[in-house]
Amino acid sequence: PWGASGNTGVSRNLAVVPELHVGCPMWAHKPWWGRHLPDGLGRNDQLAAYATWCNAVEGNTTFYGAPAATTVASWAEQAPPGFRFAFKLPRTVTHDRRLRGATDETTAFCRLLAPLGERADPVTVQLPASFGPPQLGDLSRFLAEAPASHRWAVEVRHPDFFHRPAVARALERVLARHDAEWADAMCARLPAPQDWSLAELCEEDESGSHAELQTRLQDCSRA
């Protein structure tokens, strides 16, 4: 049904394979040196080394303050095409202003990330636990005015969004209206014995069966 000239009218159900980006909350972690990152790396070389084994990273540092333009330029030089940063909007926008009157600051933040292009996508709006259903109007207005240069992911922490289905649906409607995403921040923090590094917990055994990792996680869950 498909000839050299293309589609002859018979439709095909072609599966779309999603591109998966996997990363850590940081790209520089001292226990990784000598194991997953070379020893003696300079500050301006750590991201490039990290990007050889992860293709994404969560940008927590921007929550505490916007980076310098020279820092962003260094990130742009080190990160390869296809890499993704999931930067967080500064807390001055989300926690201090609570998304009100923050259009100029948000636009300036997005312009600062411009050298990264599509690699700085999405931008995460991490909201405080006190930001609840009564503030959905503020969220909607913020998303309506947010720069279209980026995708937006919203992380909510108020318990009503998780325990009241009607409230969750209201949030979903707001996000759908502005083509934004719900960033799921649900996680389990496992305590590790002091003599284990994060890298050791994540390292698979020689057999490739992850048996040792499974045993360690079970021990952690009982701690």
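Start by selecting strand E7 (residues 152-155) together with strand E8 (residues 181-182) in this predicted model. E7 and E8 pair in the parallel sense, and two bridges link them. For a residue-level view, pick Ala153 and look across to E8: Glu181 stands opposite.

Now add strand E6 (residues 123-126) to your selection. E6 and E7 also run parallel, joined by four bridges. Two of the partners are good to label here: Val123 is bridged to Trp152 in E7, and Thr124 has Ala153 as its bridge partner in E7. Ala153 is thus a handy residue to keep highlighted, with Thr124 as its bridge partner and Glu181 opposite it in E8.

Next, trace the chain between E6 and E7. The path goes through helix H6 (residues 136-145), and this β-α-β crossover is right-handed. Show H6 as a cartoon alongside the two strands to follow the route from E6 to E7.

Zoom out a little to view the strands together. They form an open sheet of three strands in the order E6-E7-E8, with parallel pairing. Which strands are at the edges? E6 and E8 are, as each pairs on one side only.

For the last stop, turn on the side chains of E7. Which way do they point? Trp152 and Val154 point one way, while Ala153 and Glu155 point the other way. Are these residues buried or exposed? All four residues, Glu155 included, are buried.

Notes:
Residues are numbered from 1 along each chain as its sequence is written. This is a predicted model: local features need pLDDT of at least 70, side-chain atom pairs count only at pLDDT 80 or more; totals for chains, interfaces and linings use all residues. Side-chain values use heavy atoms; hydrogens and water are left out. Buried means under 20% relative accessible area, exposed over 50%, partly exposed in between (1.4 Å probe, protein chains only). Two strands pair if DSSP finds at least two bridges between them. A crossover is right-handed if, with the strands pointing away from the viewer, the path from the first strand over the helix to the second runs clockwise.
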